[in-house]
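Hi,

Here is the structure I promised to pass on. Have a look at it first, and then read my notes below.

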Amino acid sequence: MVRIEDLTFQYTQTKHRFTFPDVLLNDQEDLLILGKSGVGKTTLIHLLAGILKPNKGDVFIDNTAISCLSASELDRFRGKNIGLVFQRNHAIQSLSVFKNLQARLFFSKKNIDSSVINKLLSELDLTAQQHHKIHQLSVGQLQRLGIAMSVIHNPKVILADEPTSSLDDENCNIVIELLKKQARKNNANLIVVTHDQRIQSFFNNTITL
């Protein structure tokens with residue numbers, strides 16, 4: 001469950017204040033947030049992930065008000081309950097695909113089970129690349145690795161920031177289908193923020209900022 005109430009945020013160096021609509025997502029519901037550049041899409045993702053603290057209002061994930069958590073509590077909560085898919089890949093460059101997934105489980109304090117990693121790599125068509133370093137992957141493979149890293153620890157919510165904007169139509173559809181499939185598999189909420197109108201038909205719930 002994800003709930004947003006009376007959420008506002010203002011960067012210290014600007015006078016503009018972002019005001020975001022209230023949201024209530026029940027278990028396994030997804031949400032597409034559309035908007036052009038500069039309307040606060042990435043800011044909202046960062047607020048939902050607890051990377052930024054709101055000036056006003058609350059974000060609840062599984063009935064936990066994340067802005068009320070201490071820094072250490074928030075790190076633990078985020079590591080266990082939130083999966084992030086960024087526009088740019090944040091995998092560790094010196095590690096292989098497989099070892100990046102091991103590291104993600106380690107930092108989430110989850111059991112490192114090679115069979116779980118192998119199954120996910122197979123689902124995302126990355127088995128042949130499991131021993132490749134990050135620089136050896138194609139754009140599509142990097143995007144699928146980003147999805148794998150966001151779901152390997154069974155999060156309660158998956159947050160994706162512009163996951164398809166740099167992809168062609170075919171890979172755009174593949175990535176969204178994979179995100180939705182992994183969200184269903186994990187019984188997680190999926191929230192995607194983007195300016196990419198192509199993916200609107202994949203979502204039942206849509207808001208525009």
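Let me start with a question: which residues lie nearest the centre of the second largest pocket? They are Val116, Val151, Ile152, His153 and Asn154, out of 14 residues that line this pocket. Before you zoom in, bear in mind that this is a predicted model.

Staying with that second largest pocket, its volume comes out at about 190 Å³. Two elements give two or more residues to its lining, namely α4 (114–123) and α6 (169–185). The top contributor is α4, with three residues. By class, the lining of the second largest pocket splits into five nonpolar, five polar and four charged residues.

Now for the largest pocket, which holds about 670 Å³ of space. Its lining is made up of 29 residues, and Leu84, Phe86, His90, Arg104 and Met149 sit closest to the centre. If you want to find your way around by element, look at α2 (71–81), β7 (82–85), α3 (97–107) and α5 (139–151), which each give two or more residues to the lining of the largest pocket. Of these, α5 gives the most, with six residues. As for chemistry, the lining of the largest pocket has 11 nonpolar and 11 polar residues, plus seven charged ones.

The other thing I looked at is strand β4, which covers residues 30–34. Is it buried or exposed? Mostly covered, it turns out: five of its five residues are buried. Asp30, Leu32 and Leu34 point one way from β4, while Leu31 and Ile33 point the other way, and all of them are buried. So when you flip the view from one face of the strand to the other, you can call each of these residues buried because its relative accessible area is under 20%.

And what does β4 pair with? One partner is strand β9 (residues 189–194), which runs parallel to β4 and is joined to it by five bridges. If you'd like a landmark for that pairing, Asp30 stands opposite Leu190 in β9. Another partner is strand β10 (residues 206–208), again in the parallel sense, over three bridges. There, Leu32 has Thr206 of β10 as its bridge partner.

That's what I have for now. Shout if anything looks odd when you open the file.

Cheers

Notes
Residues numbered from 1 in each chain as written. Predicted model: local features only at pLDDT ≥ 70, side-chain atom pairs only at ≥ 80, totals over all residues. Heavy atoms only, no water. Buried < 20%, exposed > 50% of the residue type's maximum accessible area, 1.4 Å probe, protein only. Helix = DSSP H or I, 4+ residues; strand = E, 2+ residues; numbered from the N terminus. Pairing = 2+ DSSP bridges. 1 Å grid on protein atoms, 1.4 Å probe; cavity = no way out; pocket = protein on both sides within 12 Å on 5 of 7 lines; lining within 4 Å. Points joined across faces, edges and corners; volume = space filled by probe spheres on them. Nonpolar A, V, L, I, M, F, W, Y, C, P; charged D, E, K, R; others polar.
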